[in-house]
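Me: I am new to this one and would like to understand the labels people put on it. Could you walk me through the reasoning?

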Amino acid sequence: MATTLKEKLSTGSPIFGTFLSLANPYTAEIMANAGFDWLFADLEHGGGGERDLVEQLLIGQAHSIPVAVRVETAARIRIGRVLDLGAEAIVFPRLDTVDQVESATAALAYPPRGDRGVASYNRSRGFGQPPRSFEEANDRITGIVQIESLEALANVEKISRIRGVDALFIGPGDLTAALGVPGEFAHPEYVAALRGVLDAARSAGIAAGILAPSADAALRYADDGFTLIAVGSDATILSAAASDTIRRIKG
């Protein structure tokens, strides 16, 4: 069974995940038990930080579910810290240019492919007992670049062809806001932007991903050709279930 996100994406079939925004191991395990194909630990907008990450990664490993981690910044030290903790799929927010993406993806790989800091005593390399080879470690990493600005959209074809970029991921809220149509997900400009990202990903032979607000929207995105699909978050799923429960009770 595939246990890395890169392996799951290589099948070309849609895989459905959800954001872990609460940074809580219990909600992470609930989402894992629910049957999602992958999980998305969020250090950018979520409630936790690097210190909360290992528990979520361990839960993913226990259930053979890959956990992608969105770093709060593409600074090399932040990427390296998350990788050393054991993350094997990194999501980069707010990268707009080819230079920015090349710098970020270089931090994903050990030399000579990249410039990731070399250490063999961390969790990602088995605490040195024995350490994974550089190439084995490099080959397991998935790089995901979010497309959420006009500049990134203009550069999407070039970004999609950068070594180390395995998927493009649309942030609908930020992208609609950048287009001047915040929250208008049926607006022609936004729909055209989606098509542009999909076309760039297909041409480069990589995956296209997106955040869906509901199961119905997720299925529509899958029909459109997206394969890395996040459906809401632990927080929104819990909030919706709680609201539905009390609405049924109180009418």
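**Reading the labels**

Reply: Gladly! Arg 113 is a handy start: Arg 113 is called partly exposed because its relative accessible area is 30%, and partly exposed lies between the cut-offs of under 20% for buried and over 50% for exposed. Keep in mind that this is a predicted model.

Me: What makes the contact of Glu 135 and Arg 113 a salt bridge?

Reply: The N to O distance between their side chains is 2.9 Å, and the rule asks for a Lys or Arg nitrogen within 4 Å of an Asp or Glu carboxyl oxygen. The pair therefore meets the rule. Glu 135 sits in helix 6, while Arg 113 lies in the loop between helix 5 (98–106) and helix 6, 22 residues apart. Glu 135 is also partly exposed, at 38% relative accessibility.

Me: How do you know that Glu 88 and Arg 140 meet in a salt bridge?

Reply: By the same kind of check: their N to O distance is 2.8 Å, and the limit is within 4 Å. This pair links distant parts of the chain, 52 residues apart: Glu 88 is in the loop between helix 4 (76–84) and strand 4 (89–92), and Arg 140 is in helix 6 (residues 134–140). Arg 140 has a relative accessible area of 24%, so Arg 140 counts as partly exposed.

Me: Why are Asp 244 and Arg 248 said to be separated by about one helical turn?

Reply: Because they are four residues apart in helix 12 (residues 234–250). Their side chains meet in a salt bridge, at 2.9 Å from N to O.

Me: Why is Arg 248 called exposed?

Reply: Arg 248 has 66% relative accessibility, and exposed means over 50%, so the label fits Arg 248. Its partner Asp 244, with a relative accessible area of 28%, is partly exposed. Elsewhere, salt bridges that share partners join Glu 50, Glu 72, Arg 78 and Arg 81 into one network.

Me: How many salt bridges does the rule give?

Reply: The count comes to 14.

Me: What makes the largest cavity count at 30 Å³ or more?

Reply: Its volume is about 40 Å³, and the count of cavities of 30 Å³ or more is one. Its lining includes Leu 20, Ala 41, Asp 42 and Gly 46.

Me: How is that lining divided by class?

Reply: There are four nonpolar, six polar and one charged residues. Gly counts as polar, and Gly 46, Gly 47, Gly 48 and Gly 49 are among the lining residues. Asp counts as charged, and Asp 42 is part of the lining too.

Key: Residues are numbered from 1 along each chain as its sequence is written. This is a predicted model: local features need pLDDT of at least 70, side-chain atom pairs count only at pLDDT 80 or more; totals for chains, interfaces and linings use all residues. Side-chain values use heavy atoms; hydrogens and water are left out. Helices (H or I, at least four residues) and strands (E, at least two) are DSSP runs, numbered from the N terminus. Buried means under 20% relative accessible area, exposed over 50%, partly exposed in between (1.4 Å probe, protein chains only). On a 1 Å grid over the protein atoms alone, a cavity is a set of points where a 1.4 Å probe fits but cannot get out, and a pocket is an open set with protein on both sides within 12 Å along at least five of seven lines; lining residues have an atom within 4 Å of a point. Grid points are joined across faces, edges and corners, and a volume is the space filled by probe spheres set on the points.
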